[in-house]
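Work through the following exercises with the sequence and the coordinates side by side, and try each task before reading its solution.

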Amino acid sequence: NTTTNIISIIVGTGIPGFFPLPNGLANSALVGTPRGMAFDSNGNLYFVESRFSQILRRVDRATNFVSTI
């Protein structure tokens with residue numbers, strides 16, 4: 001947040017991790033080396049996870065569910 005200067009975790013636990021193609025709630029997902037984040041017109045977050053390979057992930061704004069695309 002640029003007004004409060006508070007950094008919020010949107011996806012992941014805050015601890016780097018990796019598990020092959022993990023899907024589930026954003027606050028419990030294992031994420032390793034996220035890169036290239038972008039939002040679509042519905043507010044869904046997309047990012048590439050590049051720790052071991054280039055994996056495209058999506059965080060659904062409505063359900064807070066992370067899926068591998």
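The exercises below concern a predicted model, and each is followed by a worked solution.

**Exercise 1. The sheet**

Determine the order of the strands in the open sheet, and state which strands form its edges.

Solution. Begin with the pairing as a whole: the 5 strands of the open sheet follow the order E1-E5-E4-E3-E2, and their pairing is antiparallel. The edges are strand E1 (24-25) and E2, each of which pairs on one side only. Turning to one of these edges, E1 is joined to E5 in the antiparallel sense over 2 bridges. Within this pairing, Leu25 is placed opposite Phe65 in E5.

**Exercise 2. Ser67 and its surroundings**

Locate Ser67 in the secondary structure, classify its exposure, and list the residues that it touches beyond four places in sequence.

Solution. The strand to look at is E5, residues 65-68, in which Ser67 is found. Its relative accessible area is 21%, and because buried residues must fall under 20%, Ser67 is classed as partly exposed. When residues up to four places away in sequence are left aside, Ser67 touches Asn23, Leu56, Arg57 and Arg58. For Asn23 the separation can be given in two ways, since Ser67 and Asn23 are 44 residues apart along the chain, while 4.8 Å separates their C-alpha atoms.

**Exercise 3. Arg57**

Is Arg57 buried or exposed, and with which side chain does its own side chain make a polar contact?

Solution. Arg57 belongs to strand E4, which spans residues 55-59. Its relative accessibility is 0%, so Arg57 counts as buried. The side chain of Arg57 makes a polar contact with the side chain of Glu49, at 2.6 Å. Arg57 also appears in the preceding exercise, as one of the residues touched by Ser67.

**Exercise 4. The largest pocket**

Describe the largest pocket by its volume, its lining residues and the classes to which these residues belong.

Solution. The volume of the largest pocket is about 210 Å³. Its lining is made up of Ile7, Ser8, Ile9, Ile10, Val11, Val31, Pro34, Met37, Phe39, Leu45 and Phe47. Strand E2 (34-39) and strand E3 (45-49) are the elements that give two or more residues to this lining, and the largest share, 3 residues, comes from E2. Sorted by class, the lining of the largest pocket contains 10 nonpolar residues and 1 polar residue, with no charged residues.

Terms used: Residues are numbered from 1 along each chain as its sequence is written. This is a predicted model: local features need pLDDT of at least 70, side-chain atom pairs count only at pLDDT 80 or more; totals for chains, interfaces and linings use all residues. Side-chain values use heavy atoms; hydrogens and water are left out. Buried means under 20% relative accessible area, exposed over 50%, partly exposed in between (1.4 Å probe, protein chains only). A polar contact is a pair of N or O atoms within 3.5 Å; within protein, one must be able to donate a hydrogen and the other to accept it, and residues adjacent in sequence count only if both atoms are side-chain atoms. On a 1 Å grid over the protein atoms alone, a cavity is a set of points where a 1.4 Å probe fits but cannot get out, and a pocket is an open set with protein on both sides within 12 Å along at least five of seven lines; lining residues have an atom within 4 Å of a point. Grid points are joined across faces, edges and corners, and a volume is the space filled by probe spheres set on the points. Ala, Val, Leu, Ile, Met, Phe, Trp, Tyr, Cys and Pro count as nonpolar, Asp, Glu, Lys and Arg as charged, and the others, Gly among them, as polar. Contact means heavy atoms within 4.5 Å. Two strands pair if DSSP finds at least two bridges between them.
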